[in-house]
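Please find below my notes on the model, set out as numbered points. They begin with one sheet and its surroundings and then turn to the chain as a whole.

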Amino acid sequence: MIFTTAAILGATLGTASGILTLCGLSLICRSCKKGKSESGEDADPEKAKPSVLHSSEKFSVEKSTEPIQPRTLLKFPKIYKPKPSVTSSEVISYPDHASEKGALTPSPFPDSKDKTPCARALTNGMTTSSSILHPKLHFSLTYYTDQNELHITVIEAEHLSVGSGCEGYVAGVLTLAAGQREAQTSLRRLTSHTRWEEGLVFSLPGGYEVEGEVALSLHSCDHFSQNTNLGVMRFKLVDVGMMSNADCWVDLQPPKQDVQAAGELLLSISYLPAANRLGVVVMKARGLQSDKLKNSIDLSVKLALKHQTTKLRRKKKQTRRVKHKMNPVWNEMMMLEVPRELLSKSSLDLEVLNQAGPSEQESLGHCQLGLQASNTGLQHWQQMLDNPRKQIAMWHPLFD
């Protein structure tokens with residue numbers, strides 16, 4: 001009995017202690033697992049798996065009422081400027097290219113021709129515009145003291161504006177107190193560059209240190225034997241010593257014309273480059289010759305456009321007729337179509353006509369405008385070229 005009771009009590013106590021032991025072991029295991037999980041989260045938070053329960057805290061959405069518009073990037077297209085190009089008639093330059101490349105405007109004539117010792121001495125104190133290409137004459141001279149002779153060799157001429165089929169020559173005139181002596185070259189067909197390589201000989205018994213001068217002039221002859229003076233240059237005999245044995249390039253100046261008492265004509269001209277039109281306004285005249293107006297009925301002005309030396313038949317105009325007066329007024333405009341590239345070789349011929357009878361017309365005087373003209377005709381044409389789209393008026397003397 002006693003043994004039975006003791007065995008039951010021992011079994012009961014053993015069961016209780018075993019249960020307690022199991023509970024303690026389970027608690028120890030749980031505490032170890034929690035420690036490992038906490039230490040793993042602190043060491044590598046990126047490897048921790050996201051929890052579905054805490055997703056509302058990690059991904060918060062904010063509402064906004066501002067409209068959402070795409071941003072456009074605007075870029076202007078590149079603008080390419082044309083590069084400067086050089087043509088035969090003009091030099092076009094742009095500031096951008098000139099500053100970058102350091103381009104210089106070329107001189108119309110080579111430097112070797114401008115640096116001759118007699119190029120400046122023979123201009124006779126006259127200044128010319130660089131844009132006007134006057135005929136240039138190339139010559140050399142030598143004085144032989146043992147023979148007292150002056151030999152002038154005419155070599156060539158450049159920048160000649162003449163018609164086709166024209167021939168020309170160079171004439172030399174020696175002027176002394178005793179009189180004049182003349183000599184000339186042979187006739188050659190004139191082109192923009194004509195060569196002669198011929199000599200002119202003048203005898204100087206008293207030497208070259210005397211008062212006198214030499215004039216060299218270039219002449220052209222057309223099919224009708226009309227002689228035209230294209231230009232002239234002069235130098236004093238005392239300058240022969242300085243100019244001897246030297247090559248000279250000289251600009252030929254327009255020949256001087258004596259203004260006669262034939263009256264004057266007031267003209268206004270302009271050029272429109274966009275339309276290629278030349279406008280000529282015949283305004284009025286003054287001081288017309290009274291002796292030719294005795295049998296006058298009406299007065300008019302006839303205009304003709306010339307290309308080099310040829311008159312163009314389709315480019316002729318004429319003003320209306322007004323009653324005869326010494327100072328008639330027309331104020332009439334005439335338009336001519338002329339391409340810009342032909343302006344340098346074109347000219348205008350104007351003539352005042354007197355209607356003396358039903359079929360009888362008498363010329364009271366004429367004038368010429370163009371780069372081939374002289375005095376006011378040359379100045380007026382050059383001002384028109386330098387100032388396009390602008391009316392320029394000028395009085396022009398009338399010649400018989």
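**Notes on a four-stranded sheet and its chain**

1. In this predicted model, an open sheet of 4 strands runs in the order β15-β11-β10-β18, and the pairing is antiparallel. The edge positions are taken by β15 (329-337) and β18 (392-397), and because each of these has a single partner strand, one side of each is left without a neighbour in the sheet. From one strand to the next, the twist averages 25°.

2. Within this sheet, strand β10 (residues 264-272) is joined to strand β11 (residues 277-286) over 9 bridges, again in the antiparallel sense. As a point of register that can be checked directly in the view, E264 stands opposite R286 in β11.

3. Which helix packs on the sheet, and which strands does this helix touch? It is helix α6 (residues 376-386), which touches β10, β11 and β18, and whose direction makes about 170° with that of β18.

4. Turning to the whole chain, the secondary structure comes to 6 helices and 18 strands. Of contacts between residues at least 6 apart in sequence, 63% join residues at least 24 apart.

5. As for burial and surface, 33% of the 400 residues of the chain count as buried, that is, under 20% relative accessible area. The chain exposes about 26,400 Å², of which carbon and sulfur atoms supply 54%.

Definitions and conventions
Residues are numbered from 1 along each chain as its sequence is written. This is a predicted model: local features need pLDDT of at least 70, side-chain atom pairs count only at pLDDT 80 or more; totals for chains, interfaces and linings use all residues. Side-chain values use heavy atoms; hydrogens and water are left out. Helices (H or I, at least four residues) and strands (E, at least two) are DSSP runs, numbered from the N terminus. Buried means under 20% relative accessible area, exposed over 50%, partly exposed in between (1.4 Å probe, protein chains only). Contact means heavy atoms within 4.5 Å. Accessible areas come from the Shrake-Rupley method with a 1.4 Å probe; for residues, only the protein chains shown count as cover. Two strands pair if DSSP finds at least two bridges between them. Axes are lines fitted to C-alpha atoms, for helices over the stretch in contact, and angles run from 0 to 180 degrees between N-to-C directions.
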